[in-house]
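These are my notebook entries on one structure. I set down what I looked up, entry by entry.

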Amino acid sequence: MNEQDFIRDITRTLDTGVRDLDASTTARLASARRHALSDGHTHAGSGILVQAHRHPLLGVAMAVALAVAGWLLLNLQQPVDTGEADILLLTDELPPNAYAEQEFSKWLSKPDTCPSPSSC
Amino acid sequence: MASNQEIDAFLAGAERRAFKHALFAVQDHHSALDIVQNAMMKLVERYGDKPAEELPLLFQRILQNAIHDHFRRSRVRDFWVRLVSPLRDKDEDNSETLESLSAESDTVRLPGPEEEVSGWQNLATIEEALATLPARQREAFLLRYWEELDVSETAQVMGCSEGSVKTHCFRAVNALAAKLKDKGLKP
């Protein structure tokens with residue numbers, strides 16, 4: 001018998017061993033497969049983070065998109081803040097010192113602001 | 001991307017051989033089942049988005065890695081057991097050594113005279129001969145000839161050169177022929 005026949009005989013015999021596996025083992029294997037398929041897909045899922053993990057370029061794109069979104073959010077928030085301050089001013093919910101005009105007080109306190117009473 | 005049905009069909013066709021691969025390597029039924037289950041889970045989790053035609057090679061690689069991981073964990077466990085063993089009672093230690101020696105001798109047990117050997121159909125004899133091969137030779141033989149991977153694919157799965165695969169296969173075939181001849185099976 002040459003080497004190829006020898007190998008073929010061995011692999012055929014091994015195949016019969018696979019076919020004749022006992023029922024409990026084949027049931028365990030089938031159960032393991034079902035478990036892997038259900039659990040694996042549950043864990044893996046198709047969430048965006050999972051996809052980003054699988055595709056690095058998508059992850060980078062997501063990071064850039066998040067950065068742009070954050071910048072836009074910060075810039076768009078400034079007018080809203082001003083509007084809120086106006087509303088608080090109109091509804092008298094600002095503290096008294098918010099009305100104090102510091103520049104005017106400073107100007108008044110300067111001695112050479114009015115050179116003569118008639119010119120003021 | 002492989003569909004759920006394609007992965008299921010592939011695994012259904014591969015799981016029994018995978019179990020045998022693991023069993024030949026670790027010589028323990030439950031560990032072999034655990035290894036196959038872990039390999040299946042890793043395939044689905046990490047490579048479920050790959051095309052169906054890539055699954056066989058990927059699965060073989062995952063399976064071989066799972067087998068290697070099993071041995072790595074065993075070595076670590078054995079290391080800690082040996083480290084802690086001087087703290088144990090001497091009698092207990094001796095009995096455990098005898099038990100472990102007995103278990104070891106069971107795993108590499110050659111067929112006794114009462115076991116029938118009848119030509120090439122004697123599966124147990126061939127499986128035992130395979131189990132006593134060095135791990136890399138057995139791995140190469142099974143991947144190359146049983147799984148029918150080509151030399152390049154086998155090298156890829158085993159993480160070695162094509163030359164090493166050829167050497168392992170050559171040695172495995174010769175060793176198997178010698179072992180089977182010793183047991184009364186003539187090629």
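Entry 1, a packing between chains. I began with helix 1 of chain A and helix 5 of chain B (residues 123-131), whose axes lie 10 Å apart and pack at an angle of about 110°. I worked throughout from a predicted model. Angles from 65 to 115 degrees count as roughly perpendicular, so I record helix 1 of chain A and helix 5 of chain B as roughly perpendicular to each other. From helix 1 of chain A, I listed A:Ile10, A:Thr13, A:Leu14, A:Thr16 and A:Gly17 as making the contact, and from helix 5 of chain B, I listed B:Leu123, B:Ile126 and B:Glu127. Sorted by class, this contact of helix 1 of chain A with helix 5 of chain B holds four nonpolar, three polar and one charged residues.

Entry 2, the interface as a whole. I then looked up how the two chains meet: 27 residues of chain A are in contact with 30 residues of chain B. On the chain A side, helix 1 (3-19) and helix 2 (23-44) each supply at least two residues. Helix 2 of chain A gives the largest share of that side, 13 residues. I noted the classes of the residues of chain A that touch chain B as 12 nonpolar, nine polar and six charged.

Entry 3, a packing within chain B. I turned to helix 2 (residues 29-47) and helix 3 (residues 55-84) of chain B, whose axes come within 9 Å and cross at roughly 135°. Helix 2 of chain B and helix 3 of chain B are therefore oblique to each other. I recorded the crossing of these two helices of chain B as right-handed. Among the residues that meet are B:Ile35, B:Ala39 and B:Leu43 in helix 2 of chain B and B:Phe59, B:Ile62 and B:Ala66 in helix 3 of chain B. The residues of this contact divide into 11 nonpolar, three polar and one charged.

Entry 4, confidence. I looked up the overall scores, which are ipTM 0.72 and pTM 0.61. Chain B has an average pLDDT of 82, with 80% of its residues scoring at least 70. Which elements of chain B have the lowest and the highest mean pLDDT? I found the lowest, 48, in helix 4 (residues 90-107) of chain B and the highest, 94, in helix 6 (residues 135-146) of chain B. Residues 92-96 of chain B have pLDDT below 50, and this stretch has two contacts beyond near neighbours in sequence. Residues 98-117 of chain B also stay under 50, and the model has 13 contacts for them beyond four places in sequence. Where pLDDT is low, I do not read the predicted coordinates in detail.

Conventions. Residues are numbered from 1 along each chain as its sequence is written. Chains are lettered from A and ligands numbered from 1 in the order in which they are written. This is a predicted model: local features need pLDDT of at least 70, side-chain atom pairs count only at pLDDT 80 or more; totals for chains, interfaces and linings use all residues. Two residues are in contact if their C-beta atoms, placed from the backbone, lie within 7 Å. Helices (H or I, at least four residues) and strands (E, at least two) are DSSP runs, numbered from the N terminus. Ala, Val, Leu, Ile, Met, Phe, Trp, Tyr, Cys and Pro count as nonpolar, Asp, Glu, Lys and Arg as charged, and the others, Gly among them, as polar. pLDDT is the predictor's confidence in each residue, from 0 to 100. Axes are lines fitted to C-alpha atoms, for helices over the stretch in contact, and angles run from 0 to 180 degrees between N-to-C directions. Angles under 35 degrees count as roughly parallel, over 145 as roughly antiparallel, 65 to 115 as roughly perpendicular and the rest as oblique. A crossing is left-handed if the near helix is turned anticlockwise from the far one by less than a right angle, and right-handed if clockwise.
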